[in-house]
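Welcome! Please take a moment to look over the sequence and the model shown here before reading on.

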Amino acid sequence: FVTSGATYDATNGYQELDELFVFRLHDAFYKKCSATGEGLRSAVAGTPAVFYIQCQDAFGDAAGAANLRIEIAGPVSMSPTPIQVAQGKYQVSFTPIKSGSGVSNGYKISIYVG
């Protein structure tokens with residue numbers, strides 16, 4: 001983004017500021033985040049299931065930071081904490097108590113970015 005500014009006073013009116021500021025927002029943009037991994041499709045009871053979340057900023061670059069919240073609802077509800085493993089890439093791990101694949105294992109995974 002490029003920004004500048006102006007000032008105003010009653011005597012001189014509007015005056016443009018000389019400085020020009022260029023900055024980019026590197027926070028995760030929810031439309032440019034995706035999740036992959038076997039832990040989204042199937043799980044074995046008592047064994048950690050893992051999936052990954054990849055986030056980009058509004059410019060398509062790896063996001064510098066992402067405010068992620070994961071909710072897993074099912075036989076036992078949980079909110080695992082994502083761990084950053086690379087720029088814009090996060091690992092999520094949870095241990096289910098029931099084996100299965102997809103929604104048949106009784107779990108619903110919700111990922112919130114923002």
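The report below goes from the whole chain to its sheet, its core and a few single residues.

## The chain as a whole

What you see is a predicted model. Its mean pLDDT is 81, and 77% of the residues reach 70 or more. Confidence varies along the chain: strand β1 (residues 2–3) has the lowest mean pLDDT among the elements, at 47, while β10 has the highest, at 95. A word of care belongs here: where pLDDT is low, the predicted coordinates should not be read in detail.

The secondary structure is simple to list, with 0 helices and 12 strands. Of the 114 residues in the chain, 22% are buried. Contacts between residues 24 or more positions apart make up 56% of those with a separation of 6 or more.

## An open sheet of 4 strands

A good place to start is the open sheet, in which 4 strands follow the order β5-β7-β10-β9 with antiparallel pairing. Its edge strands are β5 and β9 (83–86), each of which pairs on one side only. From one strand to the next, the twist averages 30°. In general, strands of a sheet pair through backbone hydrogen bonds, either parallel or antiparallel.

Now look at how β7 is held between its partners in that order. Strand β5 (residues 33–36) runs antiparallel to β7, and 4 bridges join the two. Here cysteine 33 stands opposite cysteine 55 of β7. With strand β10 (residues 89–94), β7 pairs over 6 bridges, again in the antiparallel sense. Two places to find in the model are phenylalanine 51, whose bridge partner in β10 is valine 92, and glutamine 54, which stands opposite lysine 89 in β10.

## Two faces and a core

Which residues of strand β7 (residues 49–55) lie on its covered face, and which on its uncovered one? The covered face holds Ala49, Phe51, Ile53 and Cys55, whereas Val50, Tyr52 and Gln54 lie on the uncovered face.

Several of these names return in the largest nonpolar core, which has 15 residues; Phe51, Ile53, Cys55, Ile70, Ile72 and Phe94 are those with the most contacts inside it. At least two residues of this core come from each of β7, β8 and β10. The strand that gives the most is β7, with 4 residues.

## Two residues of β7 up close

Phenylalanine 51 has a long list of contacts beyond four places in sequence. Among them are Thr36, Gly37, Gly39 and Leu40, as well as Ile70, Val92, Phe94, Ile109 and Ile111.

Is isoleucine 53 buried or exposed? Isoleucine 53 is buried, because its relative accessibility is 1% and the cut-off for buried is under 20%. Outside its neighbours within four places in sequence, isoleucine 53 is in contact with Ser34, Ala35, Leu68, Ile70, Gly88, Lys89, Tyr90, Val92 and Ile111. Although isoleucine 53 and cysteine 33 are 20 residues apart along the chain, their C-alpha atoms are separated by 6.9 Å.

## A few polar residues to visit

Aspartate 57 lies in the loop between β7 and β8 (68–73). Aspartate 57 counts as buried because its relative accessible area is 0%. Its side chain reaches the backbone nitrogen of phenylalanine 59 at 2.9 Å.

Serine 110 belongs to strand β12 (residues 108–113). With 15% relative accessibility, serine 110 is also counted as buried. Leaving out residues up to four places away in sequence, serine 110 touches Arg69, Ile70 and Glu71.

Lysine 89, found in strand β10, offers a contrast in exposure. Lysine 89 counts as partly exposed, because its relative accessibility is 32% and that class lies between the cut-offs of 20% and 50%. Beyond four places in sequence, lysine 89 touches Tyr52, Ile53, Gln54, Ile83 and Gln84. The C-alpha atoms of lysine 89 and alanine 66 are 9.1 Å apart in space, with the two residues 23 apart in sequence.

Methods
Residues are numbered from 1 along each chain as its sequence is written. This is a predicted model: local features need pLDDT of at least 70, side-chain atom pairs count only at pLDDT 80 or more; totals for chains, interfaces and linings use all residues. Side-chain values use heavy atoms; hydrogens and water are left out. Buried means under 20% relative accessible area, exposed over 50%, partly exposed in between (1.4 Å probe, protein chains only). Two strands pair if DSSP finds at least two bridges between them. pLDDT is the predictor's confidence in each residue, from 0 to 100. Axes are lines fitted to C-alpha atoms, for helices over the stretch in contact, and angles run from 0 to 180 degrees between N-to-C directions. A polar contact is a pair of N or O atoms within 3.5 Å; within protein, one must be able to donate a hydrogen and the other to accept it, and residues adjacent in sequence count only if both atoms are side-chain atoms. A nonpolar core is a set of buried Ala, Val, Leu, Ile, Met, Phe, Trp, Tyr and Cys residues joined through side-chain atoms within 4.5 Å. Contact means heavy atoms within 4.5 Å.
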